[in-house]
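Welcome, and please have your viewer ready. We will walk from one selection to the next and say what is there at each stop.

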Amino acid sequence: MSTNPADLAVRVRGLRKEYGDLTAVAGIDLDIARGETFALLGPNGAGKSTTVEILEGYRHRTAGEVSVLGSDPAHARLGWKARLGIVLQTTGESGQYTVREQLAHFARFYPNPRNVEDVIAAVGLEKQAKTRIGKLSGGQQRRVDVALAIVGRPELLFLDEPTTGFDPEARREFWKLIEELTAEGTTILLTTHYLDEAARLGDRGGVIVGGRLVAVGHIGELGGADARVPVVRWRDESGALREERTQRPAELVVDLGRRFGGEPRELEVIRPSLEDVYLGLVHAAGSQASAAELVEEGEPA
Amino acid sequence: MSVISHGMARTSYETKGYFRSPDTVFFTFLFPMLMLGIFAAAFSSRGDISLAPASPDHVSVAAYYLPGMLAAGILLSGVQNLAVDIAGEKGDGTLKRLGGTPLSPVSYFLGKLGRVFVTAVLQAAMLIVVSKFAFGVALPTSWDAWATFAWVFVLGTVTSALLGIALSALPRSSRSATAVVVPIVLVLQFISGVYLQFSGLPEWMQNLASVFPLKWIAQGMRSVFLPDGFKMLEQHGSWDLGWVGVWLAVWLVVGLVVSRLTFRWIRRDA
């Protein structure tokens with residue numbers, strides 16, 4: 001990753017957001033290179049949406065430095081917005097308009113829009129082009145959201161949980177569309193609950209827990225090498241479930257077989273998936289956070 | 001300039017959306033027509049309305065109610081329609097989505113204003129045409145009267161639209177918007193001489209109505225469509241067109257300032 005700020009689509013330093021006593025974002029540093037797809041993961045209420053909405057210019061921050069496409073979103077102008085595409089978490093109702101009318105209308109706001117028919121084809125709504133948006137299925141309406149976000153030919157695309165409610169086939173089609181945008185050089189910031197989606201689309205990812213970025217890196221390396229050490233699990237003679245992390249699971253299994261003089265009960269070799277790594281990170285961060293709170297409470301005021 | 005051309009694009013987009021929403025069309029566009037029909041049908045048997053028994057100044061029931069319904073149409077098309085509409089757009093995420101595009105808020109408001117203007121013109125034209133051909137109402141023939149109609153209509157419509165935008169900040173949610181806005185509009189119509197004969201209202205109610213813009217729009221419209229002798233029935237025995245202009249201008253500025261101060265694409269946090 002480059003450290004030259006000009007090559008960064010997003011640069012965040014020490015970002016904080018407080019609502020009264022509540023700290024939603026507790027100091028985040030983040031760089032997203034141009035052309036990169038970055039997946040932001042984290043449980044509900046961890047500060048994902050708040051962070052993204054600060055980058056989009058919807059919310060003001062309490063502290064920290066933020067630069068998105070070279071501008072501070074808190075003081076950005078309309079010309080800056082023309083370079084962004086935003087898919088919000090919830091769909092806006094504009095049910096009275098047809099897909100084509102809605103896209104043609106939004107395309108007018110941008111200086112260099114894509115061809116409306118091309119966009120309709122890209123999101124696979126050719127047959128619904130003359131259908132009012134209110135009559136489309138939830139998944140189809142979501143595709144309209146994506147179409148509206150890309151019609152202005154954005155340099156940076158925000159996707160906030162874009163495929164929630166999609167059936168598996170629609171998700172795969174959606175992923176193909178996003179990969180085409182990436183191939184054209186679009187920078188993408190994706191938040192999602194689907195780890196397979198993050199793994200498929202993301203070059204790098206970050207996990208937010210309790211308003212902090214607890215891990216950042218290439219999706220395949222999130223959580224570090226230790227988090228990916230295979231686990232061998234079995235039930236011992238006393239009936240207790242045992243597990244051991246080892247780089248050489250085959251050796252351990254052979255050894256167990258010898259020790260038991262036969263098949264160990266419920267023997268498993270588990271290679272941690274992204275989901276396991278993610279859940280491990282969330283739990284570890286959760287217990288650290290509560291430990292830190294205990295320490296703070298223990299200190300005299 | 002793109003702010004203006006986007007505003008015009010918004011106007012045609014907004015107008016299309018308006019006529020595709022049957023409930024809006026009924027409650028803001030057709031409602032005054034419906035009320036005029038009901039009043040004409042209900043009270044016609046009582047004969048014409050005149051200043052005094054055997055007075056030469058008398059008009060049919062439909063002719064008497066036409067100015068009030070025109071004023072009500074301006075209020076409904078502007079205040080009621082926009083306040084409910086914008087509160088709804090705030091609630092369903094339409095505004096948030098627009099706030100993420102390079103559309104200027106000025107263009108957004110020009111679009112709302114344009115839509116109110118287009119629909120109010122069509123509504124007034126319909127009321128006037130139906131009054132003439134279905135109810136036989138005699139229309140004014142002097143240019144002066146139509147010039148008065150034009151400025152009262154334009155000033156009233158713009159003021160009403162701006163007040164609608166301002167009022168849209170009041171409902172806490174899009175679901176409560178109708179409940180907040182409709183009673184305000186309804187009460188104004190009752191105290192401002194739309195449904196009830198203004199001259200028959202107690203003085204304190206007339207004074208209260210005089211604070212709000214609807215009474216002045218209605219009075220301006222009466223000056224256009226009623227025989228000149230009817231000015232005897234007004235509060236000061238005259239049409240007071242100067243005051244109509246002043247009060248509407250004051251409310252226009254109020255609407256503009258409140259809209260400017262309260263409008264947000266999304267509810268901003270601290």
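Start where chain A and chain B meet: across this interface the rule finds 4 salt bridges. A salt bridge here is a side-chain nitrogen of Lys or Arg within 4 Å of a carboxyl oxygen of Asp or Glu. Before you click on, note that this is a predicted model, in which local features need pLDDT of at least 70 and side-chain atom pairs count only at pLDDT 80 or more, while totals for chains, interfaces and linings use all residues. Residues are numbered from 1 along each chain as its sequence is written, chains are lettered from A and ligands numbered from 1 in the order in which they are written, and side-chain values use heavy atoms, with hydrogens and water left out.

Select Glu101(A) and Lys16(B). They form a salt bridge, with the closest N and O atoms 3.6 Å apart. Now colour the elements that give two or more residues to the side of chain A that touches chain B: strand 1 (8-19), helix 2 (78-81), helix 3 (99-107) and helix 5 (138-150) of chain A. (Helices, H or I of at least four residues, and strands, E of at least two, are DSSP runs numbered from the N terminus.) Helix 3 of chain A gives the most, with 4 residues.

Next, show the whole contact region. With contact meaning heavy atoms within 4.5 Å, 29 residues of chain A touch 28 residues of chain B. The two chains bury about 2700 Å² between them, 51% of it on carbon and sulfur atoms. Buried area is the accessible area (1.4 Å probe) that two parts lose on being put together, summed over both. Pick out Tyr58(A), Tyr97(A) and Phe109(A), which lose the most area to chain B in chain A, together 25% of what that side buries.

Move inside chain A and select Arg13(A) with Asp31(A), a salt bridge at 3.0 Å, N to O. This pair links distant parts of the chain, strand 1 and strand 2 (residues 22-33), 18 residues apart. Is Asp31(A) buried or exposed? Asp31(A) counts as buried at 15% relative accessibility, where buried means under 20%, exposed over 50% and partly exposed in between (1.4 Å probe, protein chains only). Arg13(A) is partly exposed at 25%.

Finish in chain B with Asp85(B) and Lys112(B), whose side chains meet in a salt bridge of 2.5 Å, N to O. Asp85(B) sits in helix 3 (residues 61-92) and Lys112(B) in helix 5 (residues 105-135) of chain B, 27 residues apart. Lys112(B) is buried, with a relative accessible area of 0%. Add Arg10(B), Glu14(B), Glu89(B) and Arg115(B) to your selection: salt bridges that share partners join these residues with Asp85(B) and Lys112(B) into one network.
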